[in-house]
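Biologist: Got a minute to walk through this model with me? Let's start with the helix packing.

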Amino acid sequence: DGCIKAVGQADVIRSQFSDATFERIIDCSGKCVLPGLVDAHTHPVWAGDRVHEFAMKLAGASYMEIHQAGGGIHFTVEHTQKATEEELFTSLQHRLGRMLRAGSTLVECKSGYGLNLETELKMLRVIERAKRSMDIGISSTYCGAHAMPKGKTATEATDDIINHHLPKLKELKLSGEIHVNNIDVFCEKGVFDLESTRRILQAGKDIGLQINFHGDELHPMKSAELGAELGARAVSHLEEVTDEGIVAMARAKCAAVLLPTTAYMLRLKQPQARKMLEEGVIVALGSDFNPNAYCFSMPMVMHLACVNMKMSMNEALAAATINAAYALGKSDTHGSLEVGKQGDLLIINSSRWEHLIYQFGGHEALINYVIIKGKVVYENERCETMSSY
């Protein structure tokens, strides 16, 4: 049934299953078995990359300056609106395949480059299709409040989402066409303010969506406090979170999804991972894969979390497995190797699992097998012929 039947010492398991026959036995001598990695924050459905903007960023342009020059989210929105569903699905398959080969077995996937109902639904249909046709696990997120649609005020955009987008999502959920898991809003100065964010998140919660939103990234907005108050499952970014926000999240058991790639690429101050951990916040990690932070690899995210956010390797592994699963409301089935949980695991071509973090960008020779629901979905031939050192 794709679930783990036993975990423990080899000799105990051998005697327990002495009469069983297996389709396949994998010899893991000298290797490590880890839970599949969970990527708690990605934007993988879009057309129109922003490689040209990378040079602007390197020359010192800020996120908001690029945004105001017609770049940023709006550049991608324009291309995504024009792209066909088939084009978006093909690129999503390719991207999820790369995430899978880098060890991710469960990925959160957001819409948000449509900004109008038609394109947002197109993106969500593409995510739904991937959910049904691919091995990788997907938690889908409606993120229609990702930026202000051109020609709309914040109030108009908020009303449109509450009065038109969310009722349509509810209808599609009831008919079984699209099943969305989470609702997201970019709560930020010049985008959705605290009151608009509150209205949208509450309306999403009312139709059964988990709250999991962008907050306190570029300015302190009191997003963390709002998330705690609304019973959010998670808040992402939090580079500018207040001390009060950290305490509120710890009390509310609201996960902090930290994105070291974004802080690194945009040269922002790093999220206060240490302070959050000390206060008892559930810290998770995500790649924030998007046209602005083009990273598929959770092992690289863990490395950045350790070096730039001062997390230990154990903390980073927990943040990229069980805590990231918690941030998606799936820690009862995913994120650790326990009896009864889904059989999502990695076999690492090394006798010490820490190599997965220590080797920056080295996962291509380290990840030997990726297994989802007990089925080998990726086998890396290179590991058989080469040492990972």
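**Helix pairs and two single residues**

Modeller: Sure. This is a predicted model. Take helix H9 (residues 223-230) and helix H10 (residues 243-252): they pack at an angle of about 20°, and their axes are 8 Å apart.

Biologist: What does that angle make H9 and H10, roughly parallel or oblique to each other?

Modeller: Roughly parallel. Angles under 35 degrees count as roughly parallel, and this pair is at about 20°.

Biologist: And which hand is the crossing of H9 and H10, left or right?

Modeller: Left-handed.

Biologist: Which residues in H9 and H10 meet?

Modeller: From H9, Ala224, Glu225 and Ala228. They meet Glu244, Gly245, Ala248, Met249 and Ala252 in H10. By class, that contact has five nonpolar residues, one polar and two charged.

Biologist: Next pair. How do the axes of H5 and H6 cross?

Modeller: At roughly 50°, with the axes coming within 10 Å. Helix H5 covers residues 85-101 and helix H6 covers residues 117-133.

Biologist: Why do H5 and H6 count as oblique?

Modeller: Because roughly parallel needs an angle under 35 degrees and roughly perpendicular starts at 65. The crossing of H5 and H6 is at roughly 50°, so the two helices are oblique to each other. H5 passes H6 in a right-handed crossing.

Biologist: Which side chains should I look at there?

Modeller: On H5, look at Glu85, Glu86, Leu88, Phe89, Leu92 and Leu96. In H6 they meet Lys122, Arg125, Val126, Ile127, Arg129, Ala130 and Ser133. The residues of this contact divide into seven nonpolar, one polar and five charged.

Biologist: Switching topic. Where does Ser104 lie?

Modeller: In strand S3, which spans residues 104-110.

Biologist: Is Ser104 buried or exposed?

Modeller: Buried. Its relative accessible area is 0%, and the cut-off for buried is under 20%.

Biologist: What does Ser104 touch, not counting residues up to four places away in sequence?

Modeller: Leu37, Asp39, Met99, Ile136 and Met298.

Biologist: Last one. Where is Gly361 found?

Modeller: In the loop between helix H16 (355-358) and helix H17 (363-366).

Biologist: How does Gly361 count on accessibility?

Modeller: As partly exposed, at 40% relative accessibility. Exposed would take over 50%.

Biologist: How far apart are Gly361 and His303, in sequence and in space?

Modeller: They are 58 residues apart in sequence. In space, Gly361 and His303 are 9.0 Å apart, C-alpha to C-alpha.

Key: Residues are numbered from 1 along each chain as its sequence is written. This is a predicted model: local features need pLDDT of at least 70, side-chain atom pairs count only at pLDDT 80 or more; totals for chains, interfaces and linings use all residues. Side-chain values use heavy atoms; hydrogens and water are left out. Helices (H or I, at least four residues) and strands (E, at least two) are DSSP runs, numbered from the N terminus. Buried means under 20% relative accessible area, exposed over 50%, partly exposed in between (1.4 Å probe, protein chains only). Contact means heavy atoms within 4.5 Å. Axes are lines fitted to C-alpha atoms, for helices over the stretch in contact, and angles run from 0 to 180 degrees between N-to-C directions. Angles under 35 degrees count as roughly parallel, over 145 as roughly antiparallel, 65 to 115 as roughly perpendicular and the rest as oblique. A crossing is left-handed if the near helix is turned anticlockwise from the far one by less than a right angle, and right-handed if clockwise. Ala, Val, Leu, Ile, Met, Phe, Trp, Tyr, Cys and Pro count as nonpolar, Asp, Glu, Lys and Arg as charged, and the others, Gly among them, as polar.
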